[in-house]
Amino acid sequence: MNNNGENHIDLPAESHSKKQASSDVIAEIKSVPKKEFIIFGIAACGQGMIYAVMSSFVADFYINVLQTPLIFVLLLMLLARVWDAINDPLMGMIVDRVSPKRGKMKPYILYAALPIGVLSFIMFCDPQMFFPSISKGGVMAFVAIVYVLWGMIYTVADVPFWSIPNVMTPQPGERASVISFGRTLNAIGSALPTALFFVLGFVLPSMLSGLAETELEKRRYFTISLICSIIGIALYILAYFRVNERVKLPDKKKRDSSQPGTLMRILKCKPLMIVVIMGILASGRYLVQGAAIHVARYAFYIGRDLSDLTQEEMTAAVAGSVSAVSVIFQIASAIGMFGSMLLMPALYKRFNYKQIIIVTSFCGFIASLFTLMMGLLNIVKGFNWATYACIPFIIIQCVPLGALNITSYAMIGDSLDYMEWKTGFRDTALSSACQGFVNKLANALATCMIVISYIIIELDPAQIYSEKAVIAALDLSEMQRIAMFSLVSIIPGISVLLSMIPVFWYDIVGKKKAQITRELASRRESSLSNA
């Protein structure tokens, strides 16, 4: 029993001591208290707010608001992920090897929460707020430092946070429920920045009339980042104070020279590598939400005829259209994603993870073809109703987003069981770090696809804004608009179709999964009895 009066379950690792009788262990691990279950979800909701501001809007802020060079944004995303390839596994190994006094996972959340909140806010501030005479090169240096620092500090809390379900309970079914609920509320939290973006798109032009479009956008992002940073961190830090670690994972002892090293165990864990490859191939799924703002700016326009409007009226009309179109796509994608997340616990009782991923991914691809057709009717034929006709197909197209977001973490939990079953080692945090790296890599690849689209269609916002005060989607050519729209239609569809291919080789299902769970439980009970 720990200082908070919570019973711990000691997993057999390289060494451990007996804490309580076997019968007590079985009674203790039956369920996580409902209140704690909910609080973990609320903390995940807060994390979702923080991450969504970055993943959904950082490319738009850098490209269309700060108007940094496109090639700079592309290189920043790629080079930051190269560093993450080192930083994320390193953090995973630290968490696996060190046991702070207040818990193996939770203390990192406490240490990193405030820096994450501050950096999330600064990321969307105009550098001229801090350095009025800063040069263009200085702006790029400021942006790069803040972005890389944010990624590093975020990793410090993210890796242990999503490892927590593995120490809340050793039971695969209960662990999957905790992950499912957490990922669902995480996605709900990610909707707050979008809601604020929509509301501020109509409120700010009336409150701050006379400002240029880019100045309005600076204030919009300033407000969104401030609100989400404060609320998000306040919720996120609840995980430290109200979630308990029942499964006590002892520090790693020095391995025998004949045993494989930590990284080698990870690389040789076939089911875990399948999950990693699946996540990388599914990178395009993040485009549906991440590219929505770019589609709203440069593919669709809904609103008043712009030909007879003053510049101030045009600014307000374009801002309203960008907000409306962006939210149409964001809400549709959220319905598909949230809906599938809510259904996951019920589906897990009838179907295995492999079946769910394959079926939802294929359905998402088919829906993306219809989304593309509706977009073409709007852009080529001028049918404004086609904008709204996209909605049902985007909803279906985003079903695999929810399935992948939850099921990939559940599959990692099963992969850890497999690793422990095969090797006797359980590298919990490092395996979660792999998934965290894959998520950040996937987001970065999606952002790179956006930037590359700008480059391919020769769309340079900095140059256009130097010639025009307001840009509407109707100012672009059909091919430019179609290329931009493909970012939320066919490209994500192809991505999720590819992601299901490696899953055909995932075999921790059915009798094999039941055997692993049963034998691990027997080993743990026997180890406790003999200790």
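Trainee: How much of the contact set with a separation of 6 or more comes from residues 24 or more positions apart?
Mentor: Those far-apart residues make up 86% of the contacts in the protein with a separation of 6 or more. Bear in mind that this is a predicted model.

Trainee: Noted. What does the secondary structure come to?
Mentor: You get 23 helices and 2 strands. As for burial, 59% of the 531 residues count as buried.

Trainee: Let's pick one helix. How many residues does helix 2 have, and how far does it reach?
Mentor: Helix 2 covers residues 34–65, so to speak its 32 residues, and spans 44 Å from first C-alpha to last. The expected figure at 1.5 Å a residue is 46 Å, and the model comes close to that.

Trainee: Where does helix 2 bend?
Mentor: At Phe57, by about 55°. Then, just after the helix, Gln67 takes a positive phi, also about 55°.

Trainee: And is helix 2 mostly covered or mostly open?
Mentor: Mostly covered: 27 of the 32 residues in helix 2 are buried.

Trainee: Switching to the core. Which residues have the most contacts inside the largest nonpolar one?
Mentor: Tyr62 and Phe161, in a core of 155 residues. Helix 2 is the top contributor to this core, giving 15 residues.

Trainee: What does Tyr62 touch, leaving out residues up to four places away in sequence?
Mentor: Quite a list: Gln67, Thr68, Val73, Leu76, Met77, Met123, Val143 and Tyr147. Gln67 there is the residue with the positive phi.

Trainee: Any holes to look at? How many cavities of 30 Å³ or more are there?
Mentor: The count is 10. The second largest holds about 100 Å³ of space. It has 13 lining residues, and Met54, Arg81, Tyr147, Lys440 and Asn443 are the closest to its centre. Tyr147 is also one of the residues that Tyr62 touches.

Trainee: Which helices each supply at least two residues of that lining?
Mentor: Helix 2 again, along with helix 3 (70–97), helix 5 (136–161) and helix 19 (428–456).

Trainee: Last topic, Ala514. Where does that one lie?
Mentor: In helix 23, residues 510–530.

Trainee: Why does Ala514 count as partly exposed?
Mentor: Because its relative accessible area is 39%, and partly exposed runs between the 20% limit for buried and the 50% limit for exposed.

Trainee: How far is Ala514 from Pro172, in sequence and in space?
Mentor: They sit 342 residues apart in sequence, yet their C-alpha atoms are 10.0 Å apart in space.

Technical notes:
Residues are numbered from 1 along each chain as its sequence is written. This is a predicted model: local features need pLDDT of at least 70, side-chain atom pairs count only at pLDDT 80 or more; totals for chains, interfaces and linings use all residues. Side-chain values use heavy atoms; hydrogens and water are left out. Helices (H or I, at least four residues) and strands (E, at least two) are DSSP runs, numbered from the N terminus. The expected span of a helix is 1.5 Å times one less than its number of residues. The bend at a residue is the angle between axes fitted to the seven residues ending there and the seven starting there. Buried means under 20% relative accessible area, exposed over 50%, partly exposed in between (1.4 Å probe, protein chains only). A nonpolar core is a set of buried Ala, Val, Leu, Ile, Met, Phe, Trp, Tyr and Cys residues joined through side-chain atoms within 4.5 Å. Contact means heavy atoms within 4.5 Å. On a 1 Å grid over the protein atoms alone, a cavity is a set of points where a 1.4 Å probe fits but cannot get out, and a pocket is an open set with protein on both sides within 12 Å along at least five of seven lines; lining residues have an atom within 4 Å of a point. Grid points are joined across faces, edges and corners, and a volume is the space filled by probe spheres set on the points.
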